[in-house]
Structure formats: structure tokens, C-alpha cells
Amino acid sequence: MSEAAELDVAASPEPAIPVRDEEGHLNPDFIAAVETAIRANDPSGLRALAANLHEADTGDLLETINPEERAAFIRLLGEDFDYTALTEMDEAIRLQVLEDLPTEAIAEGLGELDSDDAVYILEDMDEDDQAAILGELSYADRAQLQKALDYPEESAGRRMQSEFIAVAQFWTVGQTIDYMREARDLPDSFYEIYVVDPAFKLLGSVHLNKILRTKRDEKVTSIMEETRQAVLATEDQEEVARRFERYNLVSSAVVDENERLVGVLTVDDIVDVIQEEAEEDLRALAGVGDEEISDTVMTIARSRFAWLVVNLGTAILASVVIALFEETIEAMVALAVLMPIVASMGGNAGTQTMTVAVRGIATQELGTRNMMRVLNREILVSALNGVALAILIGVTSWMWFGNPGLGVVIGGSIIVNMLFAGISGLLIPIALDRLHVDPAIASSVFVTTVTDVVGFFAFLGIAALWFGLPL
């Protein structure tokens, strides 16, 4: 290394306080330093700490500091605050931050963002607040954002970036390169050049590497590829994400119903969509809706209460089945001790199958073509596990209560319930999907009901027949 290079290295001091610790969490010392600068109303000190942070770190920092200090953080940073950080925050916190900021400041910040990020921030706001902010923007920016907001929620039109490069079909490679060098309003990053006809209908696309490796006098149409994976602006974002995954796309053109180019989707947008959809399905399986970690107590309580009421209804149904065998249980108290085991094992087995089924439906891996094969597989798996568990719990019950008959009864009921768990765990999500009901949301309630009712009925019914107990 040369002496000059050594001096340059020495002149580049390490950050005084690391932003994150070894586990990837925000460093408490860094957070404390930021809060101290905010309370001291020290813009230069805050800029030294946070002006050059990545937007993801800034978003996490805003979520972590005291709520009453968030607006002051943005105000003190001024032009150094990147509003892209708001896209990295929970919706509830983002809306709280926006409520504390002047409309003019928000409009100015959004005007510096790519259109997809600006729409992401605007779409969760009230219509009146949206209108106020849009009113502060230039006509071109306002029209661009309003057009995206007019598309359905969770559609490609909401996620697309309106900044892209489109060239006429008669242009040469040289004209295209000159245009990219001279134009001032190009996207920050792009991967393809799109070719359109005079009506702005999409004809094809050219990868940047082809542009750079082709002679200047060559027509772009001679090196373009027909765009086979163009996305319709009204298409659901989950379907678009599946297409990116299937064809390993980095970007894709977005067209309207007349096949005119209106935007572009890039892989960074799709990664966010995949994460959102995965989180949505995970929360739905647990019956917690669109709950966020930052939601208030009342918001969380309301979102969970509806499904708890549904679960209460299914629990009452299972209790009704138990009540039918009241005299049977009174005649042999050991049945009451062993009864929960049957229902619990069936519920767990049903949940396992249901989770696989819901995932298969979401990824379109499970459909009519392979349903019977998967059903036969689940029946065999349930039978094998049922027999193994029946032997295990049967021997345990025999030794526990000294009654071999109890082992036979609980073993038989375990096998029956495991079979019903496997079948219902697969067929219920498929049936709900055919009825256009989200299987991720509704499956667990129905599968649990089936396994509880069948488990209690099988166990108590077999016990009554085996021991000749009253019904």
C-alpha cells in the first residue's frame, strides 16, 4: 500500500458509535446519542449521527425512539432526511409520524421519491390527507401518483414504478445511449430499455448489456426481445410475485388494458410483496388478521376478538358432544383423564396437514391434477402415525390405569381421529379455496372443530361399546 493510500485510510475515522450490535439490533448507545441530540435541539450533532444512515436503519431508528421525538428527528435532519425510510416502518407508526408533520414537508419529501415509494406511503392515509398532500405537488407528479392510487389495492399498478426508459421502435442503439446520457429524469436504477410504438404500446425490451455490446447504428428492434411476461396493471401482486419467482425475473413491464406501457416492477418491490404475503398468511393462520407489533391494545383486542368468538362456538360444539356421553364418563372417570389426549393429537396432526395444504394452494402446487395423489399420501401418513401413536398411548394407558381395555379404546380412537385429521386438513382448505374463501384465515377453525368433535365422539363411543357403558 502506498503512503498516500495509508494516509487516506488513517483520515477515514471509524464511526464513534456503531449503529448496530453484533446481533444486528440497533445499538442502545447509538439510540441514546440520537435521543440526546434531539432533546438538545442539535441539528449538526444529529446529522453527524444519522444523516448518512441507510433508509432501513433510519426506519428502525424512528420506530425505536420516543414517539414524541420522531417529528423533531425529521425536522432537525431537514433535507438530509430520506422519506424512503417511512416505507421501512410499520403502518401504524408511519401514520403517526405523518400526522405530526406539516403537509408541505411531506409533499416536498414525497416529491423526491420514486413513484412506487411515494404511493406506498400515501395509500394508507385518509383520502382527505392524500388530497391535501397531492395538492402541494406539481401537476405532473400529482397526476402520476393519482393514477397509481386509482388502481386496486395490492395490485401491480400500486406497486409499479412510473419512472422507466422507453424508446421508439425506429431508434438506433446510439440514439438510445445518447438519450440516457443527456436525460435528467431517468430512474435511479434500471435494468432494461423498453421499446414502444407510436401509440406507446409495448413491443419488447432490451437488456442494458446488449445495448452496451451492440454497434451504435444498429436498430433497437433488431436486438430487442419480445416481452412475454408483461404484467397487467390490475393484476394481483401475489400473482405477479409468483411469476417473478417462476421465471427468475429481475424486472417486468406493466401495461394497461390497452397494452400501453405504464410502469415497471423491479425485484426489490417483489421481495417486499413476498414478505407481506407470507406475513399475512402466517397471521391469518393464527387468526390475528393484519395486526402489527406497534398496534394499540384496543386495536389488537378488536382484531382478535372475532376469531376468539368463532373458536368459542366450536368449543361449545365439542362440549355438546361430550355432554351426550355424560353417563359414560360418570361410569368410568379415567375416560375424562384421557379424553384431551385424543383431541389434542388429532388437532396437531390436522394443523400439520392444513399448513402444507394452505402453502400448496398459495404457491399453486396443489390443485385438481394432483389432489387425489396428495390425499392418498396424507391418508397413508395419518394411518402410519395413527398406528404408531395408538400403540404408544395404548400401552401407556394400560400401565397407567391397569386396564388393557382402556389401551384398546384410546388406541382405536387415536387411529380414527388421525385419519380424519389428515383428510380434513387437506380437503377443508381446498373446499374453502373453491368457495373463494381465504383458506389461510378460515381453515384452522374448521379443522380444529372436526378433530375435536370426531376425537371425543370416537373415544367415548368406542369406550361405551367396548365396556358396555350407558350412553
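User: Which residues in H8 meet which residues in H10?

Analyst: Good place to start! Keep in mind that this is a predicted model. On the H8 side, the residues are Ser115, Ala118, Val119 and Leu122, and they meet Gln144, Leu145, Ala148 and Leu149 in H10. Sorted by class, this contact of H8 with H10 has 6 nonpolar, 2 polar and no charged residues.

User: How do I read the way two helices pack?

Analyst: Here is the general idea: a pair of packed helices is described by the angle between the axes and by the distance between them. Let's try it on your pair. Helix H8 covers residues 115–122, and its axis comes within 10 Å of that of H10, crossing at roughly 60°. That angle makes H8 oblique to H10. As for handedness, the crossing of H8 and H10 is right-handed.

User: At what angle do the axes of H9 and H10 cross?

Analyst: Helix H9 spans residues 127–135 and helix H10 spans residues 139–149; their axes come within 10 Å and cross at roughly 155°. Angles over 145 degrees count as roughly antiparallel, so H9 is roughly antiparallel to H10. The crossing of H9 and H10 is right-handed.

User: Which residues of H9 and H10 meet there?

Analyst: From H9 come Gln130, Leu134 and Gly135, while H10 brings Arg142, Leu145, Gln146 and Leu149. By class, the contact of H9 with H10 divides into 3 nonpolar, 3 polar and 1 charged. You may recognise Leu145 and Leu149 of H10, since you saw them in the contact with H8 too.

User: Let me practise on another pair. How far apart are the axes of H19 and H20?

Analyst: The axes of H19 and H20 are 12 Å apart, and the two helices pack at an angle of about 160°. H19 and H20 are therefore roughly antiparallel to each other, and their crossing is right-handed. H19 contributes Ala334, Val337, Leu338, Ile341, Met345, Thr353 and Val356 to the contact, and H20 contributes Arg377, Glu378, Leu389, Ile393, Ser397, Trp400 and Phe401. These residues divide into 10 nonpolar, 2 polar and 2 charged.

User: Now, how do I find the empty spaces?

Analyst: The general idea is to roll a probe the size of a water molecule over the atoms, which shows where empty space is left. One case here is the second largest pocket, with a volume of about 640 Å³. It is lined by 28 residues, and those closest to its centre are Val358, Arg359, Gly360, Ala362 and Thr363.

User: Which elements give two or more residues to the lining of the second largest pocket?

Analyst: They are helix H15 (237–247), helix H16 (267–286), helix H19 (334–362) and helix H20 (371–401). The largest share of this lining, 8 residues, comes from H19. By class, the lining of the second largest pocket has 13 nonpolar, 5 polar and 10 charged residues.

User: How many cavities of 30 Å³ or more are there?

Analyst: The count is 1 cavity of 30 Å³ or more. About 100 Å³ of space lies in the largest cavity. Of the 13 residues lining the largest cavity, Ser189, Phe190, Tyr191, Glu192 and Val264 are the closest to its centre.

User: Which strands supply at least two residues each to the lining of the largest cavity?

Analyst: Strand S2 (192–196) and strand S6 (261–266) each do so. To round off, the lining of the largest cavity divides into 7 nonpolar, 4 polar and 2 charged residues.

Definitions and conventions. Residues are numbered from 1 along each chain as its sequence is written. This is a predicted model: local features need pLDDT of at least 70, side-chain atom pairs count only at pLDDT 80 or more; totals for chains, interfaces and linings use all residues. Side-chain values use heavy atoms; hydrogens and water are left out. On a 1 Å grid over the protein atoms alone, a cavity is a set of points where a 1.4 Å probe fits but cannot get out, and a pocket is an open set with protein on both sides within 12 Å along at least five of seven lines; lining residues have an atom within 4 Å of a point. Grid points are joined across faces, edges and corners, and a volume is the space filled by probe spheres set on the points. Helices (H or I, at least four residues) and strands (E, at least two) are DSSP runs, numbered from the N terminus. Ala, Val, Leu, Ile, Met, Phe, Trp, Tyr, Cys and Pro count as nonpolar, Asp, Glu, Lys and Arg as charged, and the others, Gly among them, as polar. Axes are lines fitted to C-alpha atoms, for helices over the stretch in contact, and angles run from 0 to 180 degrees between N-to-C directions. Angles under 35 degrees count as roughly parallel, over 145 as roughly antiparallel, 65 to 115 as roughly perpendicular and the rest as oblique. A crossing is left-handed if the near helix is turned anticlockwise from the far one by less than a right angle, and right-handed if clockwise. Contact means heavy atoms within 4.5 Å.
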